[in-house]
Amino acid sequence: MEDLENNTTVFSTLRSLNNFISQRMEGVSGLATPVSSQSSLQMQYQQRMQLEEQAGQIHSKSQLLQVEREKMQMELSHKRARIELEKAANTNARNYEREADRNQELLTRIKQYQERETEAENKLKEQMEMNKSYKKSMETMSKKMQEKDSKLAEANETITVLKGKISELQWNIMNQEMQMTSQDSQKQELMEQLDVEKKKWQEASQQIQTLQASQSLLTEYEQKIKDLEQKLSQQEHDALIVKNMKTELARFPKMERELRQLREENAYFREMKENNGLLKEEVEGLQRKLERYEKVQAQLVTMELENEKLLGKLQSWEKLDQSTGLNIRTPDDLSRQIVALQQRELALKEQNSTFMNSARMLEKARQQLQEEILSVQSQLLDEKKKREHQEALVRRLQKRVVLLTKERDGMRAILESYDSELTPAEHSPQLSRRMREAEDMVQKLHAHNTELEAQLSQALEEVGNHKQRAEMLEVEMKVLKSQQCTAEQSTVITKEEVDTLRLKIEELEAERSRLSEENTSLEMKLEKFTLQGDYDPSRTKVLHFSMNPMSLAKQQRKEEQQQLQEECERLRELVRVLQGGGSISGNLEGVGGFQSPQEVAELKKQVESAELKNQRLKEVFQTKIQEFRKVCYTLTGYQIDITTENQYRLSSIYAEHQGDCLLFKASSSSGGKMQLLETEFSRTIRELIELHLLRQDSIPAFLSALTLDLFSRQTIA
Amino acid sequence: MKEWLYKCIVQRLVVVISSIESSEVLERWQFDIECDKTAKDDNGPREKSQKAIQDEIRSVIRQITATVTFLPLLESACAFDLLIYTDKDLAVPEKWEESGPQFIANSEEVRLRSFTTTIHKVNTSVAYKKDSVP
């Protein structure tokens with residue numbers, strides 16, 4: 001493009017040059033005037049030279065340009081060729097690469113094919129082997145096949161056999177089918193017979209049904225017969241009953257009569273019963289009274305008897321003082337005497353008790369002494385026994401001593417004998433034997449002795465114990481005997497005492513039971529009373545606080561009551577005062593009820609202030625009204641007074657006489673329309689009335705005309 | 001009061017509830033105190049634990065609150081008074097004065113539980129006015 005641009009610039013420059021040249025040529029041609037020929041020719045020549053130079057330059061430039069163009073084209077072609085070569089090279093390279101790739105691919109394929117070949121060969125081998133194996137197996141299989149063929153043959157034989165059998169069976173089947181058919185035919189025959197039989201059965205059943213129906217009819221008839229027979233019997237019964245009833249009915253009027261009589265008697269008896277009852281009650285009352293009176297009588301009698309007895313007793317008591325001589329006049333003296341006697345008795349009893357106590361003490365001492373005696377005696381016995389023991393021991397010892405001395409003497413004698421014997425002869429072994437024997441005998445004897453002595457001692461001890469016991473018993477016997485003696489003396493006396501004591505005991509027990517019952521009842525009462533709050537005034541007293549809530553409450557209540565009463569009275573006075581008093585009472589009564597004085601004072605103040613305001617307003621209104629009226633009078637010349645409700649009296653300032661006035665009446669309540677009423681004065685001014693009121697119908701004109709008229713009259717007059 | 005209890009002078013404590021207007025006794029709560037006079041300073045503290053005593057007192061109070069079921073309603077305004085039954089020879093202190101026993105005329109009595117501290121035994125009972133309309 002640069003080439004092209006260069007070319008375009010070249011062309012443009014060429015064109016401009018040509019243009020210039022053409023212009024210059026024209027200019028030059030135009031300037032072809034001889035006036036400035038030389039200079040201009042030179043100029044033109046220079047210009048041409050320049051132009052030719054320029055053209056030559058341009059030509060050279062164009063050649064250059066062409067050369068350059070060609071160069072460029074050559075370069076371009078070179079480049080193109082190079083590019084093409086490069087392309088070709090690239091393509092070749094690519095082809096080469098492709099070829100290389102293809103080679104590699106082919107190589108790989110070859111390898112693969114080789115591998116496959118090897119594999120195929122392997123497979124071939126394997127398959128060959130397998131073939132062999134298959135062949136072997138085939139052989140085995142063929143063998144088997146042969147066997148199987150043999151078997152097959154056998155089987156075929158069996159098949160044939162079986163086929164034979166089958167044929168036989170089929171023949172059998174045929175036979176059986178034949179039989180079946182025959183049996184079917186038989187069955188059909190039987191079925192036909194069955195049908196026949198069924199029909200017969202149906203007929204029979206129908207007959208049975210008819211028979212049953214007839215039987216049921218029969219039974220029904222029989223039942224009807226029975227019913228009828230029952231009815232018959234019932235009717236016979238009824239007939240009998242009717243006959244009886246008739247007889248009874250015949251008795252009916254008699255019965256009615258009897259009934260009436262019985263009813264009357266019943267009523268009568270009831271009355272009588274009531275009367276009887278009343279009478280019985282009276283009788284019972286009277287009997288009770290009788291009994292009471294009899295009891296009273298008996299009581300009277302007993303009382304009289306008692307009275308006599310008591311009088312006798314009294315007399316005896318009164319005689320006592322004479323008989324006993326103890327100055328007894330009154331029962332008090334008696335009681336005093338009795339008290340003295342009782343006191344003496346008490347003293348004696350005390351003495352008795354003390355004596356008894358001392359007696360008991362003495363007895364106790366005696367018993368103790370006896371026991372001591374017993375103990376001492378037992379000790380004595382023990383001592384005796386011990387002494388005997390000792391004496392026995394002593395005797396035994398003496399005996400032993402004697403024995404021992406005897407033994408000793410014996411032994412001495414033996415020894416002497418042995419000694420005497422030893423010297424003559426040597427019988428030592430025999431002697432020693434004998435000695436031993438003797439010693440044994442001696443020991444045995446000793447042991448026997450000791451045993452015997454022990455037995456003896458035991459026996460003696462037992463004997464001693466027995467003796468002791470016997471003596472103890474004797475002593476006790478003596479004691480008991482002595483006691484018995486003393487007891488025997490008293491038993492005779494005590495029997496009587498025992499009887500009396502028993503009686504006393506019984507009486508005391510009866511009294512005790514009675515007293516215990518009384519005690520329980522009293523305790524119940526006491527309990528009840530204590531629950532109710534009873535107390536023993538002699539031992540207890542009841543305290544309570546002076547300032548206790550009850551009294552406080554009562555006081556409060558009293559105070560409240562008083563307060564309320566005072567208030568009540570105050571209010572009543574107020575009410576009276578207010579009712580007698582002024583207008584405020586109405587408000588207060590209307591308010592109703594009691595108001596506190598503060599409120600009342602406030603209200604009063606308010607009322608006063610309101611009244612003051614009212615008064616002030618009234619005064620102000622009065623003054624204002626008077627002012628206004630005066631102003632109206634002076635301005636209009638008329639004094640307007642209201643005489644009655646709707647009537648207004650006008651009196652002129654220029655009136656000739658005092659009583660000259662006009663009366664107007666308001667026809668409407670608002671006072672819009674006014675009518676003139678007849679007065680003495682109005683009669684004098686009839687013309688004016690006609691003119692202004694009747695014709696012109698204007699009251700202000702009339703009034704003003706009237707004032708003018710009067711004014712004129714005044715001034716003239 | 002504590003002194004009097006200590007000296008075993010108080011025999012009975014009565015709370016009387018009566019109507020203000022009519023001064024009529026409506027309810028009477030009575031606590032009888034039986035004092036063991038031998039228990040003075042000589043013996044040691046008694047065997048009963050305070051807890052046991054409080055349990056007994058609690059049961060008594062529960063019973064008292066349960067009496068609301070059968071006690072008749074008190075419609076009118078009432079006030080109460082406390083009466084103490086003491087020995088006759090006790091000196092009346094300043095603010096106290098003697099009074100009557102304030103019985104109820106037509107009364108129903110109900111005995112409630114008692115509790116004991118081994119020195120004092122307190123029996124509770126309530127008497128109320130039988131209703132005219134049953």
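1. Start with the hairpin of β5(B) and β6(B). There are 3 residues between its strands, and one residue to look at is B:T118, which takes a positive phi near 65°. Bear in mind that this is a predicted model, so treat that angle as a computed value from the prediction. The strands on either side, β5 (residues 107-116) and β6 (residues 120-129) of chain B, are antiparallel and share 8 bridges. If you want a landmark in that ladder, find B:E108, whose bridge partner in β6(B) is B:Y128.

2. Chain B has another hairpin, made by β1(B) and β2(B). Here 5 residues sit between the strands, and B:S23 has a positive phi near 55°. The pairing of β1(B) with β2 (residues 25-35) is antiparallel and runs over 7 bridges. Within this pairing, B:V15 faces B:W29 of β2(B).

3. Strand β1(B) also pairs with a second partner. With β3 (residues 78-87) of chain B it forms 9 bridges, again in the antiparallel sense, and B:V16 is opposite B:D81 of β3(B). Is β1(B) mostly covered or mostly open? Mostly covered: of the 10 residues in β1 (residues 10-19), 8 are buried.

4. For the overall layout of chain B, count 2 helices and 6 strands. Read from the N terminus, the order is α-β-β-α-β-β-β-β. Of its 134 residues, 37% are buried, and the chain exposes about 8,200 Å², with carbon and sulfur atoms supplying 55% of that area. Looking at contacts between residues at least 6 apart in sequence, 67% of those in chain B join residues at least 24 apart.

5. On confidence, chain B has a mean pLDDT of 82, with 92% of its residues at 70 or more. Among its elements, helix α2 (residues 50-66) has the highest mean, 89, and helix α1 (residues 2-6) the lowest, 74. For the complex, the predictor reports an ipTM of 0.77 alongside a pTM of 0.30. A general caution applies: where pLDDT is low, the predicted coordinates should not be read in detail.

6. Now chain A. The chain has 10 helices and 5 strands, and buried residues account for 10% of its 717 residues. Its accessible surface is about 60,900 Å², and 56% of that belongs to carbon and sulfur atoms. Among chain A contacts between residues at least 6 apart in sequence, 35% link residues at least 24 apart.

7. A residue worth visiting in chain A is A:T707, in helix α10 (residues 699-716). Why does A:T707 count as buried? Because its relative accessibility is 14%, and the cut-off for buried is under 20%. Its side chain reaches the backbone oxygen of A:S704 at 2.5 Å. Leaving aside residues up to four places away in sequence, A:T707 touches A:T636, A:Y638, A:S652 and A:Y654.

8. Last, the cysteines. How many disulfides does the structure hold over all chains? The count is 0. As a reminder, a disulfide is a covalent bond between the sulfur atoms of two cysteines. Two cysteines to check in chain A are A:C568, partly exposed with a relative accessible area of 38%, and A:C632, also partly exposed, at 24%. Neither value is under 20%, so A:C568 and A:C632 do not count as buried.

Methods
Residues numbered from 1 in each chain as written. Chains lettered and ligands numbered in written order. Predicted model: local features only at pLDDT ≥ 70, side-chain atom pairs only at ≥ 80, totals over all residues. Heavy atoms only, no water. Pairing = 2+ DSSP bridges. Helix = DSSP H or I, 4+ residues; strand = E, 2+ residues; numbered from the N terminus. Buried < 20%, exposed > 50% of the residue type's maximum accessible area, 1.4 Å probe, protein only. Contact = heavy atoms within 4.5 Å. Areas by Shrake-Rupley, 256 points an atom, 1.4 Å probe, with all protein chains shown as cover. Disulfide = S-S within 2.5 Å. Polar contact = N/O pair within 3.5 Å; in protein donor to acceptor, adjacent residues only side chain to side chain. pLDDT = per-residue confidence, 0-100.
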